[in-house]
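Okay, thanks for making time, everyone. I'll put the structure up first, and then I'll walk you through it.

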Amino acid sequence: MLHSLNTGSTPLSIPDLTTILSFWHSITTLGFIEAGPEEVLCIFRACPLLQKCKLISPDRELGDEIDVVVVHRQPIVMFHLRDAFFQDYTPFRMNQISARMEAPYLHHLGLANTVCDHAPWRRCTFEICEIVLECAGSLRSLGLDHFCMSKEHLWTYFTRATNLIKLRVDYSRVGDDDNDYDDGDGDDSYASGMFDREFLMAMTPQAKEGSDHDVEVLLPNLIEFVCFTTDSEWGPTFDEKDILRFTMSRQPSFASTNCLSELLCVAFWCKTLGGRESPRIYGKNLI
């Protein structure tokens, strides 16, 4: 029986994919498979034992979203799915999938985008990605790699996924003249959907007035945090003091006192104040 189908980093396009799904019933690991929303749902229905998947959306014209109607009498419940990675699915397409499936024990979710530059006219940030909210209680790890979203959506993800222990936010990409999605200025447009100082301060424990111990903090269970931001004009600027304050506030002496998880690893690639004009990496293994 076939238990694993993995093409590494090279996406595999299978003509007439649905015609071979009857042979995949025992698969537990699947990637890197090209599939549209309807095909993704067919894969999930055909692979009830699936534990890990890596899927990529087929080539499409940006902004050309077609509402594919997929009819299933009952939602597809993926009881064994723990790790899922989706590349180049817009929030619209992700919602076509999540509206018809459930993954109650999903622990690791990665959402990546390599084709959209987030230009305002694309209207790519209008929809929130429902799978993050639906799996918020079980998620332990979340990766957002240039995924289309607004700042309001990012706040919602962080306030709902309170059990996250690993978070990776990557919005470092700077476009070039060869990219077919480029608007001509050489940069992705990051007017929204960016991790900035406001998020960092919300993740830094702040003692409540009148209390020495209780704190209000975003994502209190983090033990690993990686953040990459762009050095373009759209990118945020951080104060090194704020980064250090966040890091130190999650150290054992402070974290244990305030019932926070100890931060074991943190890395930043960002523009900083404090005398450095060019972006640099700030990283520290705290183990």
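**Rings, strands and what sits inside**

Let me start with two rings: F86 and Y89 are both buried. They make an edge-to-face aromatic pair, with 5.8 Å from centre to centre and 85° between the planes. Keep in mind that this is a predicted model.

Now the overall picture. The chain has 287 residues, and 48% of them are buried. You'll find seven helices and 15 strands. If you take contacts between residues at least 6 apart in sequence, 70% of those join residues at least 24 apart.

Let's go to the start of the chain. Strand β1, residues 4-6, runs parallel to strand β2, residues 29-34, and three bridges join them. In that pairing, L5 sits opposite L30 of β2. On to the next partner: β2 also pairs with strand β3, residues 52-56, in the parallel sense, this time over five bridges. One of the places to look is I33, whose bridge partner in β3 is L55. So how does the chain get from β2 to β3, and what is the handedness of that crossover? It goes through helix α1, residues 37-46, and this β-α-β crossover is right-handed.

While we're in this part of the model, have a look at K54. Which rings does K54 lie over? One is F32, with K54 over its face at 4.5 Å from the ring centre. The other is F85, where K54 again lies over the face, at 5.5 Å from the ring centre.

Next, the core. In soluble globular proteins, nonpolar side chains tend to be buried together. Here, the largest nonpolar core has 67 residues, and F44, F86, F195 and F225 have the most contacts inside it. Helix α1 gives the most to this core, with five residues.

Next door in our tour is helix α2, residues 91-98. How many of its eight residues are buried? Seven, so you can call this helix mostly covered. The buried ones are P91, R93, M94, N95, Q96, I97 and S98. And what do they pack against? The list is α1, β5 (83-87), β6 (101-102), β7 (108-112) and α3 (130-134).

Since β6 came up, a quick word on E102, which is in that strand. E102 counts as partly exposed, because its relative accessibility is 41% and that class covers the values between 20% and 50%. Leaving out neighbours within four places in sequence, E102 is in contact with P75, I76, V77 and M78. Its C-alpha atom is 8.4 Å from that of C135, and those two residues are 33 apart along the chain.

Okay, further along the chain, there's another set of parallel strands. Strand β9, residues 166-171, pairs with β12 in the parallel sense over six bridges, and K166 stands opposite E224 of β12. Then β12 pairs with β14, also parallel, over five bridges. E224 turns up here too, opposite C265 in β14.

That brings me back to aromatics. The structure holds nine aromatic pairs. Another edge-to-face one is F225 with F268, at 5.5 Å centre to centre and 80° between the planes. This pair links distant parts of the chain, with F225 in strand β12 and F268 in strand β14 (residues 265-272), 43 residues apart. Are these two rings' residues buried or exposed? F225 is buried, with a relative accessible area of 0%, and F268 counts as buried at 0% relative accessibility.

Zooming out a little, ring pairs link W155, F158, F195, F199, F225, F238, F246 and F268 into a cluster. Not counting residues up to four places away in sequence, F225 touches L167, F195, M203, F246, L263, C265, V266, A267 and F268.

Last stop: T229, which is also found in strand β12, residues 224-229. T229 is buried, because its relative accessible area is 2% and the cut-off for buried is under 20%. With the same kind of sequence neighbours left out, up to four places away, T229 touches Y171, S172, M194, F195, P236, F238, W269, C270 and K271. F195 and F238 in that list are also members of the ring cluster I just went through.

That's my tour, so over to you for questions.

How values were computed: Residues are numbered from 1 along each chain as its sequence is written. Side-chain values use heavy atoms; hydrogens and water are left out. Two strands pair if DSSP finds at least two bridges between them. Helices (H or I, at least four residues) and strands (E, at least two) are DSSP runs, numbered from the N terminus. A crossover is right-handed if, with the strands pointing away from the viewer, the path from the first strand over the helix to the second runs clockwise. A nonpolar core is a set of buried Ala, Val, Leu, Ile, Met, Phe, Trp, Tyr and Cys residues joined through side-chain atoms within 4.5 Å. Buried means under 20% relative accessible area, exposed over 50%, partly exposed in between (1.4 Å probe, protein chains only). Contact means heavy atoms within 4.5 Å. Rings of Phe, Tyr and Trp (its six-membered ring) pair if their centres lie within 6.5 Å; planes under 30 degrees apart count as stacked, over 60 as edge-to-face and the rest as tilted. A charge sits over a ring if NZ of Lys or CZ of Arg is within 6 Å of the ring centre and within 35 degrees of the ring normal.
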